[in-house]
Amino acid sequence: MNRLVAATALCLSLTLPAMADGKIYVQLPDLSSYTGKQAEDFLYQVVLANVVASNCEGYEVTDEEWSLLTDSADLLAYGQLNLNSNSYDDDYYKPAFDALDEATTCQAEGPAVEAILEDLESHGGSRVALPDQDAAYVEWRALMDKLQAQANGEQPAAPTGKTKQK
(Lines give C-alpha, C1' and ligand atoms only; values in the text may rest on other atoms or scores of the structure.)
Protein backbone atom coordinates (compact mmCIF):
# COMPACT_ATOMS: atom_id res chain seq x y z
CA MET A 1 0.00 0.00 0.00
CA ASN A 2 2.84 2.39 0.81
CA ARG A 3 4.28 1.79 -2.67
CA LEU A 4 0.94 2.74 -4.23
CA VAL A 5 0.79 5.98 -2.23
CA ALA A 6 4.39 6.81 -3.09
CA ALA A 7 3.86 6.05 -6.78
CA THR A 8 0.70 8.18 -6.85
CA ALA A 9 2.48 11.08 -5.15
CA LEU A 10 5.37 10.83 -7.60
CA CYS A 11 3.02 10.81 -10.60
CA LEU A 12 1.14 13.83 -9.29
CA SER A 13 4.34 15.75 -8.67
CA LEU A 14 5.45 15.11 -12.24
CA THR A 15 2.17 16.30 -13.76
CA LEU A 16 2.21 19.71 -12.10
CA PRO A 17 5.59 21.20 -13.07
CA ALA A 18 4.35 24.66 -14.08
CA MET A 19 2.85 25.32 -10.70
CA ALA A 20 5.83 23.99 -8.75
CA ASP A 21 7.36 27.39 -8.17
CA GLY A 22 4.03 29.09 -7.49
CA LYS A 23 4.25 31.51 -10.39
CA ILE A 24 1.10 32.08 -12.40
CA TYR A 25 1.47 33.04 -16.06
CA VAL A 26 -0.81 35.70 -17.53
CA GLN A 27 -1.19 37.45 -20.87
CA LEU A 28 1.48 40.14 -20.98
CA PRO A 29 0.86 43.63 -22.33
CA ASP A 30 2.41 45.12 -25.44
CA LEU A 31 4.65 47.83 -24.01
CA SER A 32 6.56 48.49 -27.22
CA SER A 33 5.09 52.01 -27.41
CA TYR A 34 7.14 52.96 -24.33
CA THR A 35 10.60 54.19 -25.24
CA GLY A 36 13.30 56.35 -23.71
CA LYS A 37 12.31 58.54 -20.78
CA GLN A 38 8.69 57.40 -20.97
CA ALA A 39 9.80 53.74 -20.60
CA GLU A 40 12.11 54.69 -17.71
CA ASP A 41 9.32 56.55 -15.89
CA PHE A 42 6.77 53.79 -16.44
CA LEU A 43 9.26 51.12 -15.36
CA TYR A 44 9.81 52.97 -12.10
CA GLN A 45 6.04 53.21 -11.56
CA VAL A 46 5.53 49.50 -12.24
CA VAL A 47 8.41 48.47 -9.97
CA LEU A 48 7.19 50.79 -7.21
CA ALA A 49 3.66 49.37 -7.56
CA ASN A 50 5.10 45.87 -7.20
CA VAL A 51 7.13 46.79 -4.11
CA VAL A 52 4.21 48.63 -2.51
CA ALA A 53 1.77 45.79 -3.26
CA SER A 54 4.21 43.29 -1.80
CA ASN A 55 4.97 45.28 1.36
CA CYS A 56 2.09 47.61 2.24
CA GLU A 57 -0.97 46.38 4.06
CA GLY A 58 -4.18 47.06 2.19
CA TYR A 59 -2.58 47.14 -1.25
CA GLU A 60 -1.91 43.43 -1.75
CA VAL A 61 -2.43 41.89 -5.18
CA THR A 62 -3.32 38.42 -6.42
CA ASP A 63 -0.69 36.05 -7.78
CA GLU A 64 -1.92 36.86 -11.28
CA GLU A 65 -1.61 40.61 -10.68
CA TRP A 66 1.86 40.11 -9.20
CA SER A 67 2.91 38.26 -12.36
CA LEU A 68 1.46 41.03 -14.50
CA LEU A 69 3.46 43.63 -12.56
CA THR A 70 6.76 41.79 -12.40
CA ASP A 71 6.73 40.46 -15.94
CA SER A 72 5.69 43.85 -17.33
CA ALA A 73 8.59 45.44 -15.47
CA ASP A 74 10.90 42.86 -17.03
CA LEU A 75 9.49 43.63 -20.49
CA LEU A 76 10.29 47.29 -19.98
CA ALA A 77 13.68 46.77 -18.36
CA TYR A 78 15.08 44.15 -20.68
CA GLY A 79 13.00 44.65 -23.81
CA GLN A 80 12.55 48.39 -24.06
CA LEU A 81 15.50 49.76 -22.11
CA ASN A 82 18.03 46.93 -22.62
CA LEU A 83 19.10 47.08 -18.99
CA ASN A 84 21.33 44.43 -17.52
CA SER A 85 20.26 42.84 -14.24
CA ASN A 86 22.58 44.98 -12.11
CA SER A 87 21.34 48.26 -13.60
CA TYR A 88 17.75 47.09 -13.31
CA ASP A 89 18.17 46.32 -9.62
CA ASP A 90 20.30 49.37 -8.80
CA ASP A 91 18.29 51.93 -10.77
CA TYR A 92 14.74 50.69 -10.15
CA TYR A 93 14.32 48.12 -7.38
CA LYS A 94 16.74 49.72 -4.91
CA PRO A 95 15.02 53.15 -5.10
CA ALA A 96 11.59 51.50 -4.82
CA PHE A 97 12.64 49.60 -1.70
CA ASP A 98 14.32 52.73 -0.34
CA ALA A 99 10.98 54.52 -0.75
CA LEU A 100 9.51 52.12 1.83
CA ASP A 101 11.71 53.83 4.43
CA GLU A 102 9.48 56.89 4.09
CA ALA A 103 6.52 56.71 6.45
CA THR A 104 4.10 58.06 3.84
CA THR A 105 5.03 55.82 0.90
CA CYS A 106 2.34 53.19 1.43
CA GLN A 107 -0.44 55.76 1.75
CA ALA A 108 0.88 57.93 -1.06
CA GLU A 109 1.74 55.18 -3.57
CA GLY A 110 -0.71 52.43 -2.61
CA PRO A 111 -3.65 53.79 -4.61
CA ALA A 112 -1.46 53.88 -7.72
CA VAL A 113 -1.17 50.07 -7.71
CA GLU A 114 -4.66 49.68 -9.15
CA ALA A 115 -4.07 52.42 -11.71
CA ILE A 116 -0.87 50.73 -12.90
CA LEU A 117 -2.67 47.39 -13.22
CA GLU A 118 -5.44 49.06 -15.23
CA ASP A 119 -2.84 50.72 -17.46
CA LEU A 120 -1.17 47.35 -18.10
CA GLU A 121 -4.56 45.86 -18.96
CA SER A 122 -5.21 48.70 -21.39
CA HIS A 123 -2.08 47.55 -23.25
CA GLY A 124 -3.38 43.98 -23.53
CA GLY A 125 -2.21 42.52 -20.23
CA SER A 126 -4.51 40.38 -18.14
CA ARG A 127 -5.15 39.57 -14.48
CA VAL A 128 -6.42 36.12 -15.45
CA ALA A 129 -4.20 33.05 -15.50
CA LEU A 130 -3.56 31.58 -18.92
CA PRO A 131 -5.37 28.26 -19.34
CA ASP A 132 -2.29 26.17 -20.26
CA GLN A 133 0.28 27.09 -17.63
CA ASP A 134 2.86 24.60 -18.97
CA ALA A 135 2.79 26.14 -22.45
CA ALA A 136 2.70 29.63 -20.94
CA TYR A 137 5.82 28.84 -18.93
CA VAL A 138 7.73 27.65 -22.00
CA GLU A 139 6.74 30.79 -23.93
CA TRP A 140 7.53 33.09 -20.98
CA ARG A 141 10.93 31.46 -20.33
CA ALA A 142 11.91 31.77 -24.00
CA LEU A 143 10.87 35.44 -24.07
CA MET A 144 12.73 36.30 -20.85
CA ASP A 145 15.86 34.45 -21.97
CA LYS A 146 15.78 36.32 -25.30
CA LEU A 147 15.24 39.74 -23.71
CA GLN A 148 17.89 39.24 -21.04
CA ALA A 149 20.43 37.98 -23.57
CA GLN A 150 19.77 40.96 -25.83
CA ALA A 151 20.08 43.35 -22.89
CA ASN A 152 23.46 41.77 -22.10
CA GLY A 153 24.57 41.99 -25.73
CA GLU A 154 24.45 38.21 -26.19
CA GLN A 155 22.66 35.84 -28.51
CA PRO A 156 19.94 33.92 -26.68
CA ALA A 157 20.80 30.27 -26.13
CA ALA A 158 18.71 27.63 -27.80
CA PRO A 159 16.26 26.00 -25.39
CA THR A 160 17.74 22.84 -23.90
CA GLY A 161 14.65 21.58 -22.11
CA LYS A 162 12.20 22.57 -19.48
CA THR A 163 13.80 23.80 -16.29
CA LYS A 164 12.27 26.23 -13.88
CA GLN A 165 13.71 28.65 -11.44
CA LYS A 166 11.91 31.40 -9.61
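In this predicted model, Asp91 is placed in helix α4, and with a relative accessibility of 44% the residue counts as partly exposed. Although Asp91 and Tyr44 are separated by 47 residues in sequence, their C-alpha atoms lie 8.7 Å apart in space. A comparable description can be given for Gln150, which has its place in helix α6 and is partly exposed, with a relative accessible area of 40%. Between Gln150 and Leu83 there are 67 positions of separation in sequence, while the distance from C-alpha to C-alpha is 9.2 Å.

These pairs can be set against the chain as a whole. The protein chain contains six helices and zero strands, so that the order of its elements, read from the N terminus on, is α-α-α-α-α-α. Of the 166 residues in the protein chain, 36% are buried. When the contacts with a separation of 6 or more are considered, 81% of them are accounted for by residues that stand 24 or more positions apart.

Helix α4, which carries Asp91, also packs with another helix. Helix α3, spanning residues 63–80, and helix α4, spanning residues 85–99, pack at an angle of about 115 degrees, and their axes are 11 Å apart. The crossing of α3 and α4 is right-handed. On the α3 side, the residues that take part are Thr70, Ala73, Asp74, Ala77 and Tyr78, and on the α4 side they meet Ser85, Tyr88 and Tyr93. Sorted by class, the residues in this contact of α3 with α4 are five nonpolar, two polar and one charged. In the loop between α3 and α4 lies Asn82, a residue that has a positive phi of about 50 degrees although it is not a glycine. Asn82 is partly exposed, and its relative accessible area is 43%.

Turning to the interior, the largest nonpolar core comprises 40 residues, and those with the most contacts inside it are Phe42, Leu43, Val47, Leu76 and Tyr88. Two or more residues are given to this core by each of the elements α2 (36–55), α3, α4, α5 (105–122) and α6 (133–151), and α2 gives the most, with 10 residues. In soluble globular proteins, nonpolar side chains tend to be buried together. Tyr88, listed among the core residues with the most contacts, is also one of the α4 residues met by α3. For Phe42, leaving aside the neighbours within four places in sequence, the contacts are with Leu31, Tyr34, Leu76, Ile116, Asp119 and Leu120; one of these partners, Leu76, is itself listed with Phe42 among the core residues with the most contacts.

A charged residue is also found away from the surface. Asp71, which is found in helix α3, has a relative accessible area of 3% and is therefore buried, since this value is under 20%. Beyond the neighbours within four places in sequence, Asp71 is in contact with Lys23, Leu28, Trp140 and Met144.

A search of the whole structure finds one disulfide, which joins Cys56 to Cys106 with an S to S distance of 1.9 Å. The torsion about the S-S bond of this pair is about -65 degrees, and the disulfide is therefore left-handed. The pair links distant parts of the chain, because Cys56 is in the loop between α2 and α3 while Cys106 is in helix α5, 50 residues apart. The two cysteines fall into separate accessibility classes: Cys56, at 2% relative accessibility, counts as buried, whereas Cys106, with a relative accessible area of 26%, is partly exposed.

Thr105 likewise lies in helix α5, and with a relative accessible area of 7% this residue is buried. The C-alpha atoms of Thr105 and Cys56 are separated by 8.8 Å, while the two residues are 49 residues apart along the chain. When the neighbours within four places in sequence are left aside, Thr105 is in contact with Val52, Ala99, Leu100 and Gly110.

Key
Residues are numbered from 1 along each chain as its sequence is written. This is a predicted model: local features need pLDDT of at least 70, side-chain atom pairs count only at pLDDT 80 or more; totals for chains, interfaces and linings use all residues. Side-chain values use heavy atoms; hydrogens and water are left out. Axes are lines fitted to C-alpha atoms, for helices over the stretch in contact, and angles run from 0 to 180 degrees between N-to-C directions. Helices (H or I, at least four residues) and strands (E, at least two) are DSSP runs, numbered from the N terminus. A crossing is left-handed if the near helix is turned anticlockwise from the far one by less than a right angle, and right-handed if clockwise. Contact means heavy atoms within 4.5 Å. Ala, Val, Leu, Ile, Met, Phe, Trp, Tyr, Cys and Pro count as nonpolar, Asp, Glu, Lys and Arg as charged, and the others, Gly among them, as polar. A nonpolar core is a set of buried Ala, Val, Leu, Ile, Met, Phe, Trp, Tyr and Cys residues joined through side-chain atoms within 4.5 Å. Buried means under 20% relative accessible area, exposed over 50%, partly exposed in between (1.4 Å probe, protein chains only). A disulfide is a pair of cysteine sulfur atoms within 2.5 Å.
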